[in-house]
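Reader: I'd like to talk through the side-chain contacts and the surface of this one before I set anything up. Could you show me the structure and then start with the charged groups?

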Amino acid sequence: MTEPTWSLQDAKNRFSAVVDAAQRGEPQWVTRRGRRVGVVLSAEVFERLQRLEKAAAPPFNKLLLELPQDDQPFERVPLRQRDVDF
């Protein structure tokens, strides 16, 4: 089964058809000059993807706890101070 693909111009001209198909659960790819540049999804699918992404992201406190806990010296990167006009 091929994925539904619309050129940008066709998608603009037939936007209602693109949205109707997306609501039926069929992602609609949009291309510009033959390259995929976007996809139209139903709101339900988009919200589910956002919930999954948020659930997969580690909480901030876990990230902090994963920082190195040793007191070993580390190499400092030499930086040049920038000129500031007052």
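Author: A definition is needed to begin with: a charge sits over a ring if NZ of Lys or CZ of Arg is within 6 Å of the ring centre and within 35 degrees of the ring normal. Please keep in mind throughout that this is a predicted model. With that rule in hand, the charged end of Arg36 is found over the ring of Trp29, at 3.9 Å from the centre of that ring.

Reader: OK, and which acidic side chain does Arg36 meet in a salt bridge?

Author: That partner is Glu3, and the N to O distance in the salt bridge is 2.4 Å. The two residues come from distant parts of the chain, being 33 residues apart, with Arg36 in strand E3 (residues 35-40) and Glu3 in the segment before strand E1 (5-7).

Reader: Are those two buried or exposed, or partly exposed?

Author: Arg36 is partly exposed, its relative accessible area being 45%, and Glu3 is likewise described as partly exposed, with a value of 46%.

Reader: How many salt bridges does a search of the whole structure find?

Author: The search gives 2 salt bridges. Besides the pair of Arg36 and Glu3, there is one between Glu26 and Arg24, whose closest N and O atoms are 3.6 Å apart. Glu26 counts as partly exposed at 31% relative accessibility, whereas Arg24, at 57%, counts as exposed.

Reader: Switching to rings, what does the count of aromatic pairs come to?

Author: The count comes to 0 aromatic pairs, where the rule asks for ring centres within 6.5 Å.

Reader: And the greasy side of things: which residues form the nonpolar patch on the surface?

Author: The patch is formed by Phe60, Leu63, Leu64 and Leu67, which together have about 400 Å² of accessible area. Leu64, to take one of them, lies in helix H4 (residues 60-65).

Reader: Why can Leu64 be in a patch at all?

Author: Residues in a patch need over 30% relative accessible area, and Leu64 passes that cut-off because its own value is 41%, which makes Leu64 partly exposed.

Reader: What about helix H3, how far does it reach?

Author: Helix H3 runs over residues 43-56, which is 14 residues, and reaches 20 Å from its first C-alpha to its last, close to the 20 Å expected at 1.5 Å a residue. The number of its 14 residues that are buried is 0, so H3 lies largely in the open.

Reader: And just ahead of it, is Ser42 buried or exposed?

Author: Ser42 is buried, with a relative accessible area of 11%, and its place is the loop between E3 and H3. From Ser42 to Lys12, which are 30 residues apart along the chain, the C-alpha atoms are separated by 17 Å.

Reader: Last topic, backbone angles: what is phi of Arg33 near?

Author: Phi of Arg33 is near 55 degrees, a positive value in a residue other than glycine. For context, most residues other than glycine have a negative phi. Arg33 is found in the loop between strand E2 (28-32) and E3, and Arg33 is exposed, at 79% relative accessible area.

Reader: How far is Arg33 from Phe86, and where is the place of Phe86?

Author: Their C-alpha atoms are separated by 49 Å, and Phe86 and Arg33 are 53 residues apart along the chain. Phe86 sits in the segment after H4 and counts as exposed, at 96% relative accessibility.

Technical notes: Residues are numbered from 1 along each chain as its sequence is written. This is a predicted model: local features need pLDDT of at least 70, side-chain atom pairs count only at pLDDT 80 or more; totals for chains, interfaces and linings use all residues. Side-chain values use heavy atoms; hydrogens and water are left out. Rings of Phe, Tyr and Trp (its six-membered ring) pair if their centres lie within 6.5 Å; planes under 30 degrees apart count as stacked, over 60 as edge-to-face and the rest as tilted. Patches are made of residues with over 30% relative accessible area and no salt bridge: like charges are joined within 9 Å, nonpolar side chains (Val, Leu, Ile, Met, Phe, Trp, Tyr) within 5 Å. Accessible areas come from the Shrake-Rupley method with a 1.4 Å probe; for residues, only the protein chains shown count as cover. A salt bridge is a side-chain nitrogen of Lys or Arg within 4 Å of a carboxyl oxygen of Asp or Glu. Helices (H or I, at least four residues) and strands (E, at least two) are DSSP runs, numbered from the N terminus. Buried means under 20% relative accessible area, exposed over 50%, partly exposed in between (1.4 Å probe, protein chains only). The expected span of a helix is 1.5 Å times one less than its number of residues.
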